[in-house]
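Here is a friendly tour of a few packing details, from aromatic rings to helices. Have your viewer ready and follow along.

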Amino acid sequence: MVTTNYLVIGSGVAGLTFSVKIAEKFPERKVIIVTKANEDESNTKYAQGGVAIVLDKENDSFKKHIKDTLIAGDGLCKEDVVKMVIKEGPERLEELLLWGANFDLDAEGEFDLGKEGGHSEYRVVHHKDITGYEIERALLMRVHQLPNITILPHHFALDLITNHHIEGADPEELKCYGAYVFDQETGEISTIKANSTLLAAGGIGCVYGHTTNPVIATGDGIAMAYRAKARIKDMEFVQFHPTALYDAKGESSFLISEAVRGFGAYLRNGEGERFMLKYDDRAELASRDIVSQSIDRELKKSGASHVFLDCTHLDFQAFIKHFPNIYQKCLDNHIDIKTDWIPVVPASHYLCGGIKVSKKGKTTIDNLFACGECTRTGLHGANRLASNSLLEALVYAHNIYKYHVKHEYKSADVDIPDWNDEGTAITKEHVLIQHNLKELQALMRNYVGIVRSNQRLNRAKKRLELIHDEVEAFYKESKITSSLCELRNMINVAHLIVSQSLERKENKGGYFNIDNVKK
């Protein structure tokens with residue numbers, strides 16, 4: 001058994017920010033970060049747009065950013081949380097700069113602020129079109145300078161350790177003591193006992209197959225917390241990014257940033273019609289939910305598989321300077337943005353709900369904190385405003401750090417049993433995992449997508465129960481593999497999305513059910 005002061009599950013901006021802060025403050029305390037891929041692989045790395053922060057005090061204000069966030073969240077944001085996160089933005093940016101993150105400057109040496117859908121002003125700090133990658137780089141560099149942080153790459157957290165694992169403990173009392181962790185390279189399962197555990201395990205995009213997220217976004221943090229009986233909320237609010245590069249294979253999709261539409265690109269259907277003008281006065285700059293639903297309608301009407309993003313009228317040199325990565329990716333796919341339209345399709349992008357946390361990042365389980373996309377803080381409400389997510393992760397990581405400075409968590413005096421896998425065998429049935437995964441993803445895309453109905457949701461619920469029972473039986477008799485655990489986690493997440501969708505009787509933000517439309 002390994003013991004540590006702090007166990008952090010996930011190595012994106014949320015997990016790394018907390019780790020750096022707590023390790024700097026308490027050099028004698030140990031931090032262990034477990035991450036299931038390489039240390040730099042996370043949703044953070046793929047965040048292109050940037051961080052929404054009010055810096056231009058002449059044209060912009062906290063009040064305007066708060067208003068934009070509340071409008072996007074469609075009445076379901078927690079206003080006190082929105083105010084807190086937005087007002088703390090500038091201070092958190094200062095820290096990123098101190099840690100060595102670089103952001104684009106204009107000719108005057110001021111931050112070159114971008115504008116994205118739903119924002120009334122220019123306020124998005126960015127590093128070209130790879131902002132998340134740059135923040136991740138700076139944070140990892142700082143992590144490696146701190147001797148009291150250990151990163152364990154290719155380690156998959158299987159389950160949180162709670163009273164339910166401990167003999168003689170009251171199973172009703174919800175307390176976390178660390179996690180069981182699977183070393184993907186050796187196959188060993190170890191017990192990490194921690195005084196305090198932080199879940200920063202990212203999003204769920206892979207539940208849908210078509211996603212802008214990397215292949216690791218399988219909702220592991222949410223599923224672990226759910227099995228440990230933490231409160232999970234607002235799972236019906238899955239945000240679909242309106243413009244992912246269309247890929248006939250339909251695997252992880254490349255994101256064409258919101259900022260491209262902010263830059264002046266038009267959306268067109270197969271007929272060449274600029275259709276957004278029919279749906280919203282803000283046209284291409286309407287918020288994501290509206291753009292995604294509009295594209296969904298166009299596709300359902302025409303039966304086409306994608307629409308187009310037209311950049312041919314834009315300043316070509318300025319485009320390449322601003323979006324070098326996107327330009328190159330299009331060229332790799334034989335699309336020259338100077339003359340060709342970019343084929344795009346909505347893809348699962350971000351989860352607004354998740355593990356319910358307080359302003360201090362506390363979950364409903366003692367000693368368990370959560371931060372980043374796996375949480376539901378109340379900032380996003382029914383729909384996240386572009387570029388508010390990196391900001392949320394930075395602010396909440398800081399709040400969790402502040403709480404830990406004031407409250408020291410001692411090591412609990414409990415005997416934690418080792419992981420028990422008696423009676424299990426190494427599986428030869430990889431086909432079962434792959435088949436169920438494909439079925440799950442198709443089910444979620446077709447029945448639990450941008451536009452839902454009670455009939456489709458109930459069908460999804462029935463199919464899910466069958467997949468769940470088959471996979472659980474398989475799990476009980478098999479030795480652990482990452483793909484089996486990820487599938488099990490995705491089934492838990494899918495169940496939460498479907499059941500919480502069925503509970504919602506009113507359409508809000510990113511949630512649209514045709515049976516809730518007032519006749």
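Rings of Phe, Tyr and Trp, the last taken by its six-membered ring, count as a pair if their centres lie within 6.5 Å. In this predicted model, ring pairs link Phe263, Phe319 and Phe323 into a cluster. A search of the whole structure finds 13 aromatic pairs, and two of these deserve a closer look. A pair of aromatic rings is described by the distance of the centres and the angle of the planes, and the table gives both values.

| Pair | Centre to centre | Angle between planes | Geometry |
|---|---|---|---|
| Tyr6 and Phe18 | 6.0 Å | 80° | edge-to-face |
| Tyr180 and Trp419 | 5.2 Å | 70° | edge-to-face |

The pair of Tyr6 and Phe18 links distant parts of the chain: Tyr6 sits in strand E1 (residues 2-9) and Phe18 in helix H1 (residues 13-25), twelve residues apart. Both Tyr6 and Phe18 are buried.

The pair of Tyr180 and Trp419 spans 239 residues, from Tyr180 in strand E7 (residues 176-183) to Trp419 in the loop between helix H11 (389-406) and helix H12 (430-447). Is each of these two rings buried or partly exposed? Tyr180 has a relative accessible area of 2%, so Tyr180 is buried. Trp419 has a relative accessible area of 21%, and the cut-off for buried is under 20%, so Trp419 counts as partly exposed.

Now to the helices, beginning with H10 (residues 324-332). Which residues of helix H10 are buried? They are Ile326, Tyr327 and Cys330. These residues cover an arc of only 100° around the axis, so they lie on the same side of H10. An α-helix has 3.6 residues a turn, so residues three or four places apart point the same way. The buried residues of H10 pack against helix H6 (258-262), helix H9 (316-322) and strand E13 (342-351). Just after H10, His334 takes a positive phi of about 60°.

Two packed helices are described by the angle between their axes and the distance between the axes. For helix H5 (residues 220-227) and helix H14 (residues 482-503), the axes come within 8 Å and cross at roughly 75°. Angles of 65 to 115 degrees count as roughly perpendicular, so H5 is roughly perpendicular to H14. On the H5 side, Asp220, Ile222, Ala223, Tyr226 and Arg227 make the contact; they meet Glu486, Arg488, Asn489, Asn492, Val493, His495 and Leu496 in H14. By class, this contact of H5 with H14 has five nonpolar, three polar and four charged residues.

Methods. Residues numbered from 1 in each chain as written. Predicted model: local features only at pLDDT ≥ 70, side-chain atom pairs only at ≥ 80, totals over all residues. Heavy atoms only, no water. Axes fitted to C-alpha atoms, helices over the stretch in contact; angles between N-to-C directions. Helix = DSSP H or I, 4+ residues; strand = E, 2+ residues; numbered from the N terminus. Parallel < 35°, antiparallel > 145°, perpendicular 65-115°, else oblique. Contact = heavy atoms within 4.5 Å. Nonpolar A, V, L, I, M, F, W, Y, C, P; charged D, E, K, R; others polar. Buried < 20%, exposed > 50% of the residue type's maximum accessible area, 1.4 Å probe, protein only. Arc of directions from axis to C-beta. Phe/Tyr/Trp six-rings, centres within 6.5 Å; stacked < 30°, edge-to-face > 60°.
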